[in-house]
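User: Got a minute to go through this one with me? I'd like to poke at a few helices and some odd residues.

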Amino acid sequence: MAEEKQKVIIIGGGAAGLTAAYYLQKEVKEKNLPLEIQLIEASHRLGGKMQTVVRDGFTIERGPDSFLARKTSIIRLAKEVGMDDQLVPNSTGKSYVLVNEKLHSMPGGSIMGIPTEVGPFMTTGLFSIPGKLRAAADLILPRSESGKDQALGHFFRRRLGDEVVENLIEPLLSGIYAGDIDQMSLMATFPQFYEVEQKHRSLILGMKKSTPAQPKQQGDKGKSKKGGFLTFRTGLQSFAETIEAKLDASSVLKGHRVENIARVNNKYEVYLNNGECLTADSIIAATPHKITQAMFSDYRFFEPLKYVPSTSVATVALAFPEEAINEDIDGTGFVVSRNSDYTITACTWTHKKWEHSTPEGKVLLRCYVGRAGDETVVDLSDDQIVKIVLDDLNKIMQINMSPDFAVISRWKNSMPQYTVGHKQRLTSILEAMKQELPGVFLAGASYGGVGVPDCIDQGEAAVKNVLEYLNNKGS
């Protein structure tokens, strides 16, 4: 008699859910496991924020445009699905910070805005002399209280002062999470800075000691040097589609939303919006935190997820002919100080950073609008957003034509905020899940890291947890 199959339901088809489905299916096929997999996605496409527009020879990312080359899980998955030959590194160039209506070069030797070389910081126009002297206090200040979470802003202000934080650290860090650094958790976002401070006491000296020396890059003038980021030549959406093509079509259910989940007799009943009820032995919830809380609304310990904020942002890609830019700037982009009178928070000169993205003789600028506490711009019409962005750009680079076209992507409440205490809250929820919902696992940007590789890591970890749980349950 054939062994009865156990069923695993994966909810959410973004990077974490897709990864989990792929690796779980691989295990089932390689080890001939008696497992049935079902991936359920509420929208009509998989890939989450991995969305690409290919138009008139341009490759335009709607969501993330790349990932750190040192994050290997995504490269490994690309190899698995035969896409590693499509990986391309970014071209490096000068990057800037916009402060007081002026573009300032990013000071050499700064890592996430923390100085590791004195010279460039002393000569930059980014900070006043009192601001520079205040930053130097880091060299003599004591360590933070051990083991205690705190806001990123509080941590950096204490060490380096307001000016360095406002004009350099905040624009760089809040760009990653679209968050308010005075609310964001140090331990959940950048624990490495806390560890450096605890080990070396001074952040500046510690970063200098723990950072490998960069070889001096002379390079021929005009030749691009390769940076630390990678993307796919055919766009991140093509990566999601390639993974999806490897899944058994019968295991993917799109356009269905999970309304509620209940534990009944050691199994889980999963209720869909069309009235259907599926039964699962194990579940991977690769869904945003508020959706997870709603699906498990019968379980009080998910309540804290209700109150975790999410920020709305929009990306604005503008395509131009080369001659539209009167005053070109040597570099790949800039971030904007929060003190500046600008709506955009950053701009990438995509045609310079990612040469494959833009046809010859064209220019592609990709700007970001929306940040914690300033999200209303995301709700404006396309035309209004384009006008605001062009007005901002024209203050620093002269653009004398309307764009050939614009691609505006709104991400409503899509950037989860890891506020102070995030790790403790998550640990409490995971402990309660072990007791009351054994065999249910979380993965995705709301939990253990927001980047695509972080979501892939979580998808992989969830697969290991599921297999271990089912193995122990069966034995």
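Analyst: Sure. One cut-off before we start: a residue is called buried when its relative accessible area is under 20%. Also keep in mind that this is a predicted model.

User: Okay, let's use that on Leu470. Is Leu470 buried or exposed?
Analyst: Leu470 has a relative accessible area of 7%, so it counts as buried.

User: And where is the place of Leu470?
Analyst: It's in helix α15, which covers residues 452-474.

User: What is Leu470 in contact with, leaving aside its neighbours within four places in sequence?
Analyst: Gln6, Val8, Leu35, Asp281 and Ser282. Take Leu35: it is 435 residues from Leu470 along the chain, yet their C-alpha atoms are separated by 9.6 Å.

User: Switching to α1. How many of its residues are buried?
Analyst: 12 of the 17, so α1 is largely enclosed by the rest of the structure.

User: Which ones are the buried residues?
Analyst: Ala15, Ala16, Gly17, Leu18, Thr19, Ala20, Ala21, Tyr22, Tyr23, Leu24, Gln25 and Val28.

User: What span should α1 have, and how far apart are its end C-alpha atoms?
Analyst: At 1.5 Å a residue, the 17 residues (15-31) should span 24 Å, and the end C-alpha atoms are 24 Å apart, which agrees.

User: Pick Thr19 in there. What is its relative accessibility?
Analyst: Thr19 sits at 0%, so it counts as buried. Not counting residues up to four places away in sequence, Thr19 touches Leu77, Ile456, Gly459 and Glu460.

User: At what angle do α1 and α10 cross?
Analyst: Roughly 35 degrees, with the axes of α1 and α10 (residues 236-246) coming within 10 Å. The crossing is left-handed.

User: Which residues meet there, α1 to α10?
Analyst: From α1 you have Leu18, Tyr22 and Gln25, and from α10 Ala240, Ile243, Glu244 and Lys246. By class, that contact has 4 nonpolar, 1 polar and 2 charged residues. The α1 members Leu18, Tyr22 and Gln25 are also among the buried residues of that helix.

User: Why would residues three or four places apart point the same way?
Analyst: An α-helix has 3.6 residues a turn, so residues with that spacing end up pointing the same way.

User: Nice. Now another pair: how do the axes of α5 and α6 cross?
Analyst: The axes of α5 (residues 152-160) and α6 (residues 162-177) come within 9 Å and cross at roughly 140 degrees. The two helices are therefore oblique to each other. As for the hand, α5 passes α6 in a right-handed crossing.

User: Which residues in α5 meet which in α6?
Analyst: On the α5 side, Leu152, Phe156, Arg157 and Leu160; on the α6 side, Asp162, Val164, Val165, Glu166, Ile169 and Leu173. Sorted by class, this contact has 7 nonpolar, no polar and 3 charged residues.

User: On to backbone oddities. What's the usual sign of phi in residues other than glycine?
Analyst: Most of them have a negative phi. Asn32, just after α1, goes the other way with a positive phi of about 55 degrees.

User: And what is phi for Arg201?
Analyst: Near 70 degrees, again positive in a residue other than glycine. Arg201 lies in the loop between α8 and α9, and its relative accessible area of 25% makes it partly exposed.

User: What about its neighbour Ser202, buried or exposed?
Analyst: Ser202 counts as buried, at 0% relative accessibility. Ser202 is also found in the loop between α8 (191-200) and α9 (203-210). Leaving aside its neighbours within four places in sequence, Ser202 is in contact with Asp138, Leu139, Arg159 and Val196.

User: Where does Asn413 lie?
Analyst: In strand β21, residues 405-416. Asn413 has a positive phi of about 45 degrees although it is not a glycine, and with a relative accessible area of 53% it is exposed.

User: Last one, Asn265. Where is its place?
Analyst: In the loop between β13 (258-264) and β14 (267-272). Asn265 counts as exposed at 73% relative accessibility. Asn265 and Ala78 are 39 Å apart, C-alpha to C-alpha, with their positions 187 residues apart in sequence.

Methods
Residues are numbered from 1 along each chain as its sequence is written. This is a predicted model: local features need pLDDT of at least 70, side-chain atom pairs count only at pLDDT 80 or more; totals for chains, interfaces and linings use all residues. Side-chain values use heavy atoms; hydrogens and water are left out. Axes are lines fitted to C-alpha atoms, for helices over the stretch in contact, and angles run from 0 to 180 degrees between N-to-C directions. Helices (H or I, at least four residues) and strands (E, at least two) are DSSP runs, numbered from the N terminus. Angles under 35 degrees count as roughly parallel, over 145 as roughly antiparallel, 65 to 115 as roughly perpendicular and the rest as oblique. A crossing is left-handed if the near helix is turned anticlockwise from the far one by less than a right angle, and right-handed if clockwise. Contact means heavy atoms within 4.5 Å. Ala, Val, Leu, Ile, Met, Phe, Trp, Tyr, Cys and Pro count as nonpolar, Asp, Glu, Lys and Arg as charged, and the others, Gly among them, as polar. The expected span of a helix is 1.5 Å times one less than its number of residues. Buried means under 20% relative accessible area, exposed over 50%, partly exposed in between (1.4 Å probe, protein chains only).
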